[in-house]
Amino acid sequence: MASGGWPWRRCCSWRPAARSPGPGSPGRAGPPRTPSAADAGAQMSYFNLVKSLTSAFPHRYSMSRFHHTTLAVCCCSKTQSGEKYTDPFKLGWRHLNGLYEDIRKELLISTTELKEMSEYYFDGKGKAFRPVIVVLMARACNIHHNNSRDVQASQRSIALIAEMIHTASLVHDDVIDDASSRRGKHTVNKIWGEQKAVLAGDLILSAASIALARIGNTTVISILTQVIEDLVRGEFLQLGSKENENERFAHYLEKTFKKTASLIANSCKAVSVLGCPDPVVHEIAYQYGKNVGIAFQLIDDVLDFTSCSDQMGKPTSADLKLGLATGPVLFACQQDWTWGVPQSPLKRHRKGLRA
């Protein structure tokens, strides 16, 4: 269940945003293409899904929360009120020049094959969503505490560590899910085999741990080691399920927090600890990262149904094929949707879905 970067605003474009360029990239993609008939069909399918989600829980969700658009080509765009805002990816990348080069330096490996496996996803083609969020939170805390717009070296290291932990979890997840593609190319386990892929993920995680220890702050070390525990517990939650339908959504959200949001929440908290001594700020940073992380995965789960493999860079409907009931499926069960399947078979298969 890997996540994708999808900026959301009040708008009616259904397409995901173009990936943010990494350091040294010439710039973003050009203007969006003219929608095709296939786009229109996908947009209608997406609209019907969102309409049903919002009608099921009118007090929790509104239609405007699910509308999204592509990123603007320029650094600043205008909101509906006419006020300009800064593109957060461009703002964040100012502090992330050489991100992937620095990560590769952390992976000091002499064995050629192991080096290739460990560096496979650090090719500069990822969205680097988590490092961007982390450096932006660091910047916000520094401005709040001493009006400094700089990001400390230790805070930037947290951004690198977050990306390394995330990537290690992807390598392991692909083994568990027997995934064949990730980010538009073959997975590590498909190229080198499952056993070597597990070891490569372990190596990335160990390199992240060494970088974390080098920061030398015991509080920060404690915060980020919690992420590793949560990742394991989240994977176990995903392997289980709840028989009681009323408990399934809570189970799904808990799993989503541990597998996706915990890394963002605790990374944001870690940089706040390094930049500001106020515990209130630490909790605000944590809650912000938690909510962004959960929302991020919720949208990714919706896109697993409404997008295609070429846009996602990985197979779509993968969770459903694995028998995993994500948010859209749980909402559908509560609404007695059939998703094109006769109602009685859907009800018979409900117990087979793991929330």
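User: How many helices and how many strands are there in the protein?
Analyst: The model is a predicted one, and its secondary structure is dominated in the count by one of the two element types. In the protein there are 15 helices and 5 strands.User: What percentage of the 355 residues in the protein is buried?
Analyst: A residue is counted as buried when its relative accessible area is under 20%. The surface that the protein exposes comes to about 16900 Å², of which carbon and sulfur atoms supply 55%. Of the 355 residues in the protein, the buried share is 51%.

User: Among contacts between residues at least 6 apart in sequence, what percentage joins residues at least 24 apart?
Analyst: The contacts considered here are those in the protein between residues at least 6 apart in sequence. Within that set, the share joining residues at least 24 apart is 71%.

User: Which helix supplies the largest share of the largest nonpolar core?
Analyst: The largest nonpolar core has 52 residues, and those with the most contacts inside it are Trp93, Leu99, Ile158, Ile161, Met164, Val220 and Leu224. Several helices each supply at least two residues of this core, among them H2 (88-93), H3, H6 and H11 (279-306). The largest share, 9 residues, comes from helix H5.

User: How many residues are in the second, separate core?
Analyst: This second core is separate from the largest one, and its members include Phe249, Tyr252, Ala265 and Tyr286. Its number of residues is 13.

User: Which residues are in contact with Leu224, leaving aside its neighbours within four places in sequence?
Analyst: Leu224 is one of the residues with the most contacts inside the largest nonpolar core, as are Ile158 and Ile161. Once neighbours within four places in sequence are left aside, the residues in contact with Leu224 are Ile158, Ile161, Leu212, Asn266, Ser267 and Ala270.

User: Are the helices H3 and H6 roughly parallel or roughly perpendicular to each other?
Analyst: The axes of H3 (residues 99-106) and H6 (residues 153-177) come within 10 Å and cross at roughly 75 degrees. Angles of 65 to 115 degrees count as roughly perpendicular. The relation between H3 and H6 is therefore roughly perpendicular.

User: How many nonpolar and how many charged residues are in the contact of H3 with H6?
Analyst: On the H3 side, Leu99, Tyr100, Asp102, Ile103 and Glu106 take part, and they meet Arg156, Leu160, Glu163 and Met164 in H6. No polar residue belongs to this contact, whose residues divide into 5 nonpolar and 4 charged.

User: Is Glu106 buried or partly exposed?
Analyst: Glu106 is found in helix H3, and its C-alpha atom is separated by 9.7 Å from that of Met164, 58 residues apart along the chain. Leaving aside neighbours within four places in sequence, Glu106 is in contact with Met164, Ala207, Ala211 and Arg214. With a relative accessibility of 23%, Glu106 counts as partly exposed.

User: Is Glu235 buried or exposed?
Analyst: Glu235 lies in helix H9 and touches Asp173, Ile176 and Lys259, not counting residues up to four places away in sequence. Its relative accessible area is 10%, and the cut-off for a buried residue is under 20%. Glu235 is therefore buried.

User: What value is phi of Ala128 near?
Analyst: Most residues other than glycine have a negative phi. Ala128 is found in the loop between helix H4 (112-118) and H5, and it is buried, with a relative accessible area of 3%. Its phi is positive, at a value near 55 degrees.

User: Where does Arg183 lie?
Analyst: Arg183 is a residue other than glycine with a positive phi, near 55 degrees. Its place is in the loop between strand E4 (181-182) and strand E5 (185-186).

How values were computed: Residues are numbered from 1 along each chain as its sequence is written. This is a predicted model: local features need pLDDT of at least 70, side-chain atom pairs count only at pLDDT 80 or more; totals for chains, interfaces and linings use all residues. Side-chain values use heavy atoms; hydrogens and water are left out. Axes are lines fitted to C-alpha atoms, for helices over the stretch in contact, and angles run from 0 to 180 degrees between N-to-C directions. Helices (H or I, at least four residues) and strands (E, at least two) are DSSP runs, numbered from the N terminus. Angles under 35 degrees count as roughly parallel, over 145 as roughly antiparallel, 65 to 115 as roughly perpendicular and the rest as oblique. Contact means heavy atoms within 4.5 Å. Ala, Val, Leu, Ile, Met, Phe, Trp, Tyr, Cys and Pro count as nonpolar, Asp, Glu, Lys and Arg as charged, and the others, Gly among them, as polar. Buried means under 20% relative accessible area, exposed over 50%, partly exposed in between (1.4 Å probe, protein chains only). Accessible areas come from the Shrake-Rupley method with a 1.4 Å probe; for residues, only the protein chains shown count as cover. A nonpolar core is a set of buried Ala, Val, Leu, Ile, Met, Phe, Trp, Tyr and Cys residues joined through side-chain atoms within 4.5 Å.
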